[in-house]
Amino acid sequence: MELPRDSLSMIGLVRTQVASDTWVSYADKAFQTSLRMMKNICSLAFTRAHRVAQKIFKEEFSDSTLTSTELKVVSESNEQIRLAELALSELDQDDVDSITSHHACHILLNNSRDFVQRLAKQELIPESEASDLLEDLDEYVGSLLECRKLECRKDRRGSSINSGTQEGASDLGYPLLGS
């Protein structure tokens, strides 16, 4: 491929390369932010699943002494919990707190939607009221997602991911996250 010789073509080539580099940088930072979020959520879920499983395991065998095999299962589960907690400790604590809060809010909002839908289906609340509540909940979910986007933008600029949570949430009218 032959490079253009005139200056206008060279400027166009440079602009294209700069735009491409900017997009790649943006995509890489967005990917890294998503990766941190997934690592956080997966580590928390993994830890909780092991703790719940251990509790059930111990309740099932609480009337007798655990055998060496059963002790080995509990020990291996504890090791998995330790590794998941180690993975969490490698993340910025502000990121962990922010991601965990957003995830918890998303779960609560989805559970609220399910609850309102059940009430409406059982005719315990009027359909019009259910519709209004569901619209509000959809708006809150949208605001929560927008808040995440604001945090990711702040993260790309080099600020802590958590630095904009409070003002970003209250600016969007999200009552659960705002101050």
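**Exercise 1. Find which helix has the lowest mean pLDDT and which has the highest, then place these values in the whole model.**

*Solution.* Start with the score itself: pLDDT is the predictor's confidence in each residue, from 0 to 100. Among the elements of the protein, helix α5 (residues 165-171) has the lowest mean pLDDT, 40, while α3 has the highest, 89. Next, look at the stretch 159-179, where the pLDDT is below 50. In the model this stretch still has 45 contacts beyond near neighbours in sequence, a contact being heavy atoms within 4.5 Å. Finally, take the average: the protein has a mean pLDDT of 74, and 65% of the residues score at least 70.

Two notes before going on. This is a predicted model, in which local features need pLDDT of at least 70 and side-chain atom pairs count only at pLDDT 80 or more, whereas totals for chains, interfaces and linings use all residues. Residues are numbered from 1 along each chain as its sequence is written, and side-chain values use heavy atoms, with hydrogens and water left out.

**Exercise 2. Describe the overall build: how many helices and strands are there, and what share of the residues is buried?**

*Solution.* Step one is the element count. The protein has five helices and zero strands, where helices (H or I, at least four residues) and strands (E, at least two) are DSSP runs numbered from the N terminus. The order from the N terminus on is α-α-α-α-α.

Step two is burial. Of the 179 residues, 26% count as buried; buried means under 20% relative accessible area, exposed over 50%, and partly exposed in between (1.4 Å probe, protein chains only). The protein exposes about 12300 Å², with carbon and sulfur atoms supplying 57% of that area. Accessible areas come from the Shrake-Rupley method with a 1.4 Å probe, and for residues only the protein chains shown count as cover.

Step three is contact range. Among contacts with a separation of 6 or more, 66% are between residues 24 or more positions apart.

**Exercise 3. Locate the largest nonpolar core and say which elements give two or more residues to it.**

*Solution.* First, the definition: a nonpolar core is a set of buried Ala, Val, Leu, Ile, Met, Phe, Trp, Tyr and Cys residues joined through side-chain atoms within 4.5 Å. The largest one has 11 residues, including Cys 105, Leu 109, Val 116, Ile 125, Leu 137 and Leu 144. The elements that give two or more residues to this core are α3 (93-121) and α4 (127-156). As background, nonpolar side chains in soluble globular proteins tend to be buried together.

Now zoom in on one member. Leaving out residues up to four places away in sequence, Ile 125 touches Val 116, Leu 119, Ala 120, Ala 130 and Leu 133.

Then try a residue of α3, His 106. At 23% relative accessibility, His 106 is partly exposed. With the same sequence neighbours set aside, His 106 touches Val 141, Leu 144 and Leu 145. His 106 also lies 9.9 Å from Gly 142, C-alpha to C-alpha, although 36 residues separate the two in sequence.

**Exercise 4. Which residue of helix α2 pairs with Arg 51 in a salt bridge, and how many salt bridges does the whole structure hold?**

*Solution.* A salt bridge is a side-chain nitrogen of Lys or Arg within 4 Å of a carboxyl oxygen of Asp or Glu. A search of the whole structure finds four. The partner of Arg 51 is Glu 85, with the closest N and O atoms 2.5 Å apart. Glu 85 lies in helix α2 (residues 68-89) and Arg 51 in helix α1 (residues 7-60), so the pair ties together parts that are 34 residues apart in sequence. Both ends are partly exposed: Glu 85 at 36% and Arg 51 at 43%.

Compare two other bridges. Arg 113 and Asp 138 meet at 2.6 Å, N to O. Arg 113 is in helix α3 and Asp 138 in helix α4, so this pair ties together parts 25 residues apart in sequence. Arg 82 and Glu 79 meet at 2.7 Å, and both lie in helix α2, three residues apart, about one turn of the helix.

**Exercise 5. Is Ser 43 buried or exposed, and what does it touch?**

*Solution.* Ser 43 is found in helix α1. At 7% relative accessibility, Ser 43 counts as buried. Leaving aside neighbours within four places in sequence, Ser 43 is in contact with Ala 84, Ala 87 and Leu 88.
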